[in-house]
Structure formats: structure tokens, C-alpha cells
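Subject: Structure handover

Hello,

Here is the structure I promised to pass on. Please open it alongside this email.

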Amino acid sequence: MAKLVLLSEGLTGKSCELKVDKTTIGRLEDNTFHIPEPSVSSHHCEVLLRGADIFVKDLSSTNGTFINGEQVSTESVLKPGQILRLGQVEMRLETGDALSAAATGKKKLDQTRVIPQGVKLNELEQQGTRPMFEKNSPFVKKSNKTAMIFITIGAILFVVILVSLFIAIQKMR
């Protein structure tokens with residue numbers, strides 16, 4: 001019997017056996033597999049049993065449905081050991097083989113888990129262009145004209161005060 005086992009912190013160990021042809025997963029309690037987590041949509045996805053295959057169908061969720069880091073646009077096959085991510089919640093599909101391995105304490109290490117990464121510096125250099133920002137963007141290079149005006153006015157006032165003090169000291173003698 002196949003089942004989905006939650007891996008995310010706070011939900012670890014919670015699972016759902018896939019006994020019926022269609023299992024709905026979402027944040028609301030009317031789902032077959034209820035996951036009370038804000039990043040999961042109210043009706044996030046469906047897990048469909050079709051013969052020996054298990055399919056995942058995204059139900060236009062807000063934060064997306066991913067299998068091993070690849071987004072499910074409409075429907076994709078979920079294989080044993082793969083990681084299904086709904087929003088920020090991760091779960092693994094386990095079958096009889098994975099369940100027996102878990103019972104003996106051995107982990108199944110046939111796949112490397114994909115960790116999403118950002119843009120790498122060498123990728124930016126290969127593109128050869130620097131990002132251009134709009135005029136109203138907070139990332140536009142700021143002008144130094146205002147700072148230069150304040151520094152100039154401050155310097156002039158400092159000189160005027162020094163000259164005034166010098167004249168006042170001269171008159172007191």
C-alpha cells in the first residue's frame with residue numbers, strides 16, 4: 001500500500017494511505033488529507049491512482065505543487081521515494097519497498113534530493129549585461145548632488161563662524 005509521509009518540521013510522521021482512486025490534499029478539513037499549514041491552499045492538489053501509476057494533479061494552488069523541485073503545471077507522475085512539495089510542506093511517497101526499508105531502519109538512497117539554488121555569479125557574467133532598473137525602482141543609483149550641496153553649505157557656514165569668532169576676539173582686545 002502506498003502512502004504519503006510528511007517530512008516538514010511540526011508535521012513529521014503524519015501520513016495518509018492512498019486507498020482510494022482520488023485523494024484530495026489541502027488546508028481545509030474537507031480534504032482526504034488535511035494539512036493545517038498556511039502555505040498550503042484550501043484545496044491544493046489531488047493524488048490519483050491509475051493502475052500501478054500514481055499521478056499528482058495541481059488544483060490551481062497559490063504556492064504551487066512540486067515533485068523533486070519540478071513544478072507540476074497540470075498533472076505529473078509521482079514515483080516511490082520522490083518528494084512532493086505543497087507550498088512549504090514536503091512529503092515523500094512510500095510504497096511497500098520503502099515501508100519495509102523504513103521498518104528495518106535502512107534508508108533508501110537511490111535518489112539525490114534536489115535543493116533549489118539561486119542565480120550563480122558566473123551565470124550573470126556569461127549573460128554579459130547588467131540589470132537595468134526603472135527610474136522609480138529603489139535600486140536606481142542615487143545622485144550625490146544633494147549630499148554635495150549640504151557639505152558645501154556646511155563648509156561655508158563653518159568658515160563664516162570661524163571668521164566671526166576671529167573678528168569678535170580681535171575687537172575684545
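Below is what was found in it, after a short word on conventions.

This is a predicted model, so to speak of a local feature takes a pLDDT of at least 70 and a side-chain atom pair counts only at pLDDT 80 or more, while totals for chains, interfaces and linings use all residues. Residues are numbered from 1 along each chain as its sequence is written, and side-chain values use heavy atoms, with hydrogens and water left out.

The open sheet

Five strands form an open sheet in the order β4-β3-β5-β6-β9, with mixed pairing. Strands here are DSSP runs (E, at least two residues), as helices are (H or I, at least four), and both are numbered from the N terminus. Two strands pair if DSSP finds at least two bridges between them. The edges are β4 (33-34) and β9 (75-77). Each has a single partner strand, so one side of each is left without a neighbour in the sheet.

Strand β3 (residues 22-26) runs antiparallel to β5 (residues 45-50), over four bridges. Isoleucine 25 has cysteine 45 in β5 as its bridge partner.

Threonine 23 is also in β3. Is threonine 23 buried or exposed? It counts as buried, because its relative accessibility is 1%. Buried means under 20% relative accessible area, exposed over 50%, and partly exposed in between (1.4 Å probe, protein chains only). Setting aside neighbours within four places in sequence, threonine 23 is in contact with residues including Cys16, Phe33 and Val47. Contact means heavy atoms within 4.5 Å.

Around β11

Strand β11 (residues 89-94) is mostly covered, with five of its six residues buried. Strand β1 (residues 3-6) pairs with β11 in the antiparallel sense over four bridges. There, leucine 4 stands opposite leucine 93. Strand β10 (residues 83-86) is also joined to β11 by four bridges, again antiparallel. Here leucine 86 stands opposite valine 89. The hairpin of β10 and β11 has two residues between the strands. In that hairpin, glycine 87 takes a positive phi near 60 degrees.

Helix α3

Leucine 162 lies in helix α3 (residues 145-172). It counts as partly exposed because its relative accessibility is 43%. Leucine 162 also helps make a nonpolar surface patch of about 780 Å², along with others including Phe158, Val159 and Ile167. Accessible areas come from the Shrake-Rupley method with a 1.4 Å probe; for residues, only the protein chains shown count as cover. Patch residues have over 30% relative accessible area and no salt bridge; like charges are joined within 9 Å, and nonpolar side chains (Val, Leu, Ile, Met, Phe, Trp, Tyr) within 5 Å. A salt bridge is a side-chain nitrogen of Lys or Arg within 4 Å of a carboxyl oxygen of Asp or Glu.

Best wishes
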